[in-house]
Every structure is written in C-alpha cells, then in structure tokens.
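The following paragraphs walk through the model, from helix packing to the contact between the copies and on to the DNA strands. Please keep the sequence and the structure in view while reading.

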Protein chains: 2
Amino acid sequence: MPKKHIRLTRLELEIMRYVWDLGEAAVREIHEAIPASKRPAYTTIQTILTRLEEKGAVRRSRKIGNAHLYQAVTTRQSTGARLIDELLDLFGGDSEPLVAHLIDSGKLTLEDVKHAEELLKKRRK
Amino acid sequence: MPKKHIRLTRLELEIMRYVWDLGEAAVREIHEAIPASKRPAYTTIQTILTRLEEKGAVRRSRKIGNAHLYQAVTTRQSTGARLIDELLDLFGGDSEPLVAHLIDSGKLTLEDVKHAEELLKKRRK
DNA sequence: GCCGTCCTTCTACATTTGTAGTAGCCTCTC
DNA sequence: GAGAGGCTACTACAAATGTAGAAGGACGGC
C-alpha cells in the first residue's frame with residue numbers, strides 16, 4: 001500500500017518538478033535546469049534529493065558514470081491532488097473561488113471548461 | 001503598498017481560516033473552535049497569532065476585557081490566489097490537471113462549470 | 001597508470017516552525 | 001479592595017528546512 005502521505009516542503013516540491021519533468025535526473029541536470037537567479041548550490045540540490053529519497057518521493061534508478069539518476073516514486077498527480085485538497089480546505093471545500101481565480105488570471109480557458117463539462121457528463125453516467 | 005508576499009505555514013494558515021471565518025477573533029474563540037482532537041495548547045494559538053501579526057497577516061482590532069481581538073489583514077482570496085498560482089506551477093501552469101482532480105473528487109459540479117463558462121464568456125468581451 | 005574532475009557522503013549550522021510552560025498583569029465579582 | 005481566573009508577554013526548545021562546505025572516492029582522457 002502507498003505511504004500515508006509524504007509531506008514535501010516548498011523547496012522539495014520545486015526539485016520534484018524537475019524530477020517529474022525530466023523523468024529521470026542527475027543532480028547536475030537539475031542544478032543546471034534551475035534558473036541561475038534562484039539556483040542553490042549543487043550540494044543543496046543533493047541534500048534535498050537525499051531527503052526526498054528518505055521520504056520516499058524519489059528513488060535512485062541507476063548510475064551513469066559515477067552519478068546517480070533519480071526518479072520520482074510519487075506521481076505529480078497524486079502530490080498535486082493532495083495540495084489541491086488542502087487548498088480547498090482553505091475555502092471550506094468550495095471550489096468556486098478556486099475556479100474564479102483561475103479565470104481571473106486567465107489560466108482557465110473556455111476550452112478547458114468545455115473539456116471539464118464533458119468529463120462531468122461522462123462521469124455522471 | 002501591500003507587502004510583497006506573506007509566506008504562511010500550514011499551521012498559520014489553519015489559524016487564519018478561523019480568523020477569516022470568525023471575522024474577528026480572540027485567542028480563546030479560535031482555541032475552542034478547533035476540534036478537540038487536533039487542538040494545540042492555548043498558548044500555541046497565541047504564539048501563532050503573534051507571528052501572524054508580525055508577518056502582517058492579522059492585526060489587533062480591539063480589546064474585549066483584557067483580551068485582544070484579531071482581525072485578518074490579508075484576505076482569504078489573495079492568500080488563496082497565491083497558493084493556487086504556486087500549485088499551478090507544479091503543473092507547469094496548466095490548469096487542466098487541477099480541474100480534472102476537482103471533478104474526480106466530486107468537488108466540481110456541473111453547475112460550477114456552467115457558472116465558470118458564463119464568467120468566461122462575459123470576460124472575453 | 002596518473003591526474004584532474006566531478007560526484008558522493010558527511011557534517012554543520014542558521015532559520016523557521018510547531019509546541020508549550022511560566023510569571024505576572026488585568027478585571028470582574030463579591 | 002481582595003481574590004480568582006483569565007489573558008498577555010516572555011522564554012524555551014526540539015524538529016524541520018534551507019543552505020552549503022570539506023573530504024575523499026571513482027572515472028575518463030591521455
């Protein structure tokens with residue numbers, strides 16, 4: 001069975017994004033992928049990856065040369081789902097404010113909505 | 001001008017929820033409003049409120065007897081908006097996965113979607 | 001086979017966060 | 001106006017988080 005919940009910190013989440021995006025990543029790849037302006041030291045990334053490994057969010061998949069490659073264990077979906085649920089709590093479980101903000105900030109398109117509607121109808125059956 | 005960003009921790013956010021819900025709240029009110037099973041010590045709430053005050057998220061509005069009443073400075077909306085945006089970053093700015101999860105977990109109704117659609121159409125003009 | 005690189009592993013440490021006790025100051029009630 | 005009870009202000013401290021240096025091992029090129 002899957003781990004209860006893995007609580008990731010902001011920085012950990014930030015690093016996870018790269019792991020998810022890259023599929024499989026070495027410390028150096030992640031380090032270089034981070035915009036120079038906010039790039040932490042190489043060893044900082046390493047430390048975080050080690051902690052992520054301890055938390056069970058990533059695992060070492062294989063080695064290339066003497067470098068480890070890390071791979072996500074937790075999916076972006078499930079991690080995101082938890083965060084969304086937490087966010088909803090903030091609004092007492094009502095998703096309306098959330099959707100409203102997405103629209104206000106132009107992140108939710110009409111197309112997205114149509115798609116959502118379809119999903120909903122399909123689901124209803 | 002408003003503070004750059006106020007970064008609230010999980011517990012702080014939890015407490016803010018009560019402040020928002022109650023409009024104006026004393027430490028004791030919040031303390032009692034929290035379900036006994038997860039209720040921290042009275043002074044813990046107090047500490048958090050003091051920190052929230054330092055961060056500029058709440059302010060002391062007035063006193064009742066010798067107790068301070070706290071009031072939110074930051075709105076639930078703006079705080080939520082920031083969190084949503086952070087969440088979106090996780091998905092590379094694509095709100096689809098977010099909406100999909102809302103639907104999967106039954107939090108987004110067809111009615112919500114219709115409403116969103118209207119908003120969008122209005123906004124497009 | 002040797003050397004420079006690069007990677008890992010360990011260790012360190014300041015801050016932030018969660019959690020709460022203590023002491024003393026008000027206030028309301030007699 | 002004296003006492004009880006509640007409230008605040010201070011202090012404390014462990015754990016989590018962000019951040020990184022140092023030391024040494026291994027790999028690839030020559």
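In this predicted model, α5(A) and α4(B) cross in a right-handed sense. Helix α5 of chain A spans residues 96-104 and helix α4 of chain B spans residues 76-90; the two pack at an angle of about 70 degrees, with their axes 10 Å apart. Angles of 65 to 115 degrees count as roughly perpendicular, and α5(A) and α4(B) are therefore roughly perpendicular to each other. On the α5(A) side, the contact is made by A:Pro97, A:Leu98, A:His101 and A:Leu102, and on the α4(B) side by B:Gln77, B:Gly80, B:Ala81 and B:Ile84. Five of these residues are nonpolar and three are polar, while none is charged.

Helix α4(B) also packs against its counterpart in the other chain. The axes of α4(A), residues 76-90, and α4(B) lie 11 Å apart and make an angle of about 175 degrees. With angles over 145 degrees counted as roughly antiparallel, that makes α4(A) roughly antiparallel to α4(B). From α4(A) the contact takes A:Arg76, A:Gly80, A:Leu83, A:Ile84, A:Leu87 and A:Leu90, and from α4(B) it takes B:Arg76, B:Gly80, B:Leu83, B:Ile84, B:Leu87 and B:Leu90. By class, this contact has eight nonpolar, two polar and two charged residues. B:Gly80 and B:Ile84 thus appear in the contact with α4(A) and also in the contact with α5(A).

These helix pairs belong to the contact between chain A and chain B, which takes 31 residues from chain A and 32 residues from chain B. On the chain B side, two or more residues are given by each of α1 (10-22), α4, α5 (96-104) and α6 (110-124). The largest share there, nine residues, comes from α4(B). The side of chain B that touches chain A is made up of 20 nonpolar, five polar and seven charged residues.

How are the two chains related to each other? Chain B superposes on chain A by a rotation of 179 degrees with a shift of 0.1 Å along the axis, at an RMSD of 0.2 Å. The two copies are thus related as by a two-fold rotation axis. Among the residues of chain B, B:Val113 comes closest to that axis, with its C-alpha at 3.2 Å. Of the interface residues of chain B, 97% are also interface residues in chain A, so the copies meet through the same surface.

Within chain A, a further helix pair can be followed. α1(A) and α3(A) pack with their axes 10 Å apart and at an angle of about 95 degrees; they are therefore roughly perpendicular to each other. In this pair, A:Leu11, A:Glu12, A:Ile15 and A:Met16 of α1(A) meet A:Ile45, A:Ile48, A:Leu49, A:Arg51 and A:Leu52 of α3(A). Seven residues of the contact are nonpolar and two are charged, with no polar residue.

Both helices of this pair also give residues to the surface near a DNA strand. Around DNA strand D there are 21 residues, and the closest are A:Thr9, A:Leu11, A:Pro40, A:Asn66 and B:Ala67. Two or more residues come from each of α1 (10-22) and α3 of chain A, and from each of α2 (27-33), α3 and β3 (67-72) of chain B. α3(A) gives the largest share of this surface, four residues. In the surface near DNA strand D, six residues are nonpolar, eleven are polar and four are charged.

Which residues come nearest to DNA strand C? Of the 21 residues around DNA strand C, they are A:Ala67, B:Thr9, B:Leu11, B:Pro40 and B:Thr43. The elements giving two or more residues here are α2 (27-33), α3 (42-54) and β3 (67-72) of chain A, together with α1 and α3 (42-54) of chain B. With four residues, α3(B) gives the most to the surface near DNA strand C. This surface has six nonpolar, eleven polar and four charged residues.

Definitions and conventions
Residues are numbered from 1 along each chain as its sequence is written. Chains are lettered from A and ligands numbered from 1 in the order in which they are written. This is a predicted model: local features need pLDDT of at least 70, side-chain atom pairs count only at pLDDT 80 or more; totals for chains, interfaces and linings use all residues. Axes are lines fitted to C-alpha atoms, for helices over the stretch in contact, and angles run from 0 to 180 degrees between N-to-C directions. Angles under 35 degrees count as roughly parallel, over 145 as roughly antiparallel, 65 to 115 as roughly perpendicular and the rest as oblique. A crossing is left-handed if the near helix is turned anticlockwise from the far one by less than a right angle, and right-handed if clockwise. Two residues are in contact if their C-beta atoms, placed from the backbone, lie within 7 Å. Ala, Val, Leu, Ile, Met, Phe, Trp, Tyr, Cys and Pro count as nonpolar, Asp, Glu, Lys and Arg as charged, and the others, Gly among them, as polar. A residue is near a molecule or strand if its C-beta atom, placed from the backbone, lies within 6 Å of it. Copies are superposed by least squares on the C-alpha atoms of residues with pLDDT of at least 70 in both.
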